[in-house]
Amino acid sequence: MSLLLDYVKQQLTPKTNHPKFKAGDTVTVHYKIKEGDKERVQQFTGVVIQRKNERATAAFTVRKMSNGVGVERIFPVASPFIEKIEIAKVGVVRRAKLFYLRDRTGKAARIREKILNNDEVQA
């Protein structure tokens, strides 16, 4: 029975090599876009406002301000179109869902940044 359970967990776990990130972190998602027969990589940089679910159905929402308009995009973690995810800043927040950022603009929408020492940067 244990072998079957291990096999099911292995199949449901997405095969991704993305870095670990959480709500409050500023990330850049490199996403492949197909237009006809051409393919290009588009970068979407913003703050992660939520992580949803686990394993195969996991997704995260990234929010950025574009010309004064808030833009949110939901990315499935296991998507084959995500080329890579880069973490620009590690935020210090006390919530798992940062929906309150939708009502705020400018300096009120800032998130405190975690200062990393040399040991954490190399890891």
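**Close-up views of a predicted model**

**View 1. Asn-53 and its turn toward Thr-57.** From its side chain, Asn-53 reaches the backbone oxygen of Thr-57 at 3.4 Å. What you are looking at here is a predicted model. Asn-53 sits in the loop between β2 and β3. Is Asn-53 buried or exposed? With a relative accessibility of 53%, Asn-53 counts as exposed, because the cut-off for that label is over 50%. If you want to relate this spot to another part of the chain, try Arg-104: Asn-53 and Arg-104 are 51 residues apart in sequence, and their C-alpha atoms are 26 Å apart in space.

**View 2. The whole protein, for orientation.** Step back for a moment and you'll find two helices and seven strands. Following the sequence, they come in the pattern α-β-β-β-β-β-β-β-α. The C-alpha trace spans about 55 × 40 × 30 Å along its principal axes. Of the 123 residues in the protein, 26% are buried. Now look at contacts with a separation of 6 or more: 51% of them are between residues 24 or more positions apart.

**View 3. Asp-25, tucked into a loop.** Asp-25 belongs to the loop between α1 (2–12) and β1. Its relative accessibility is just 3%, so Asp-25 counts as buried, the cut-off being under 20%. The side chain of Asp-25 reaches the backbone nitrogen of Gly-91 at 3.1 Å. Which residues does Asp-25 contact, once neighbours within four places in sequence are set aside? They are Gly-46, Val-47, Val-48, Lys-89, Val-90 and Gly-91.

**View 4. The largest nonpolar core, and another one apart from it.** In soluble globular proteins, nonpolar side chains tend to be buried together. In this model, the largest nonpolar core has 14 residues, and the members touching the most others are Val-27, Val-29, Phe-60, Val-62, Phe-75 and Ile-82. Two or more residues come from each of β1 (26–35), β2, β3 and β5 (82–89). The largest share is from β1, with four residues. Apart from this core lies another of five residues, including Ala-23, Val-47, Ile-49 and Leu-98.

**View 5. Ile-82 and the residues it touches.** Here we zoom in on one member of the largest core, Ile-82. Leaving out residues up to four places away in sequence, Ile-82 touches His-18, Val-29, His-30, Tyr-31, Phe-60, Phe-75, Pro-76 and Val-77.

**View 6. The largest pocket.** Rolling a probe the size of a water molecule over the atoms shows where empty space is left. The largest pocket holds about 340 Å³ of space. It is lined by 19 residues, and Val-47, Leu-101, Ala-109, Arg-110 and Ile-111 are the closest to its centre. Which elements give two or more residues to this lining? Those are β2 (38–52), β3 (59–66) and β7 (112–113). β3 provides the largest share, three residues. Sorted by class, the lining has seven nonpolar, five polar and seven charged residues.

**View 7. The second largest pocket.** About 260 Å³ of space lies in this one. How many residues line the second largest pocket? There are 13, and those nearest its centre are Thr-16, Pro-19, Lys-20, Arg-51 and Val-77. The lining divides into five nonpolar, three polar and five charged residues. You may recognise Val-77 from View 5, where it is one of the residues touched by Ile-82.

Key: Residues numbered from 1 in each chain as written. Predicted model: local features only at pLDDT ≥ 70, side-chain atom pairs only at ≥ 80, totals over all residues. Heavy atoms only, no water. 1 Å grid on protein atoms, 1.4 Å probe; cavity = no way out; pocket = protein on both sides within 12 Å on 5 of 7 lines; lining within 4 Å. Points joined across faces, edges and corners; volume = space filled by probe spheres on them. Nonpolar A, V, L, I, M, F, W, Y, C, P; charged D, E, K, R; others polar. Core = buried A, V, L, I, M, F, W, Y, C linked by side-chain atoms within 4.5 Å. Buried < 20%, exposed > 50% of the residue type's maximum accessible area, 1.4 Å probe, protein only. Contact = heavy atoms within 4.5 Å. Polar contact = N/O pair within 3.5 Å; in protein donor to acceptor, adjacent residues only side chain to side chain.
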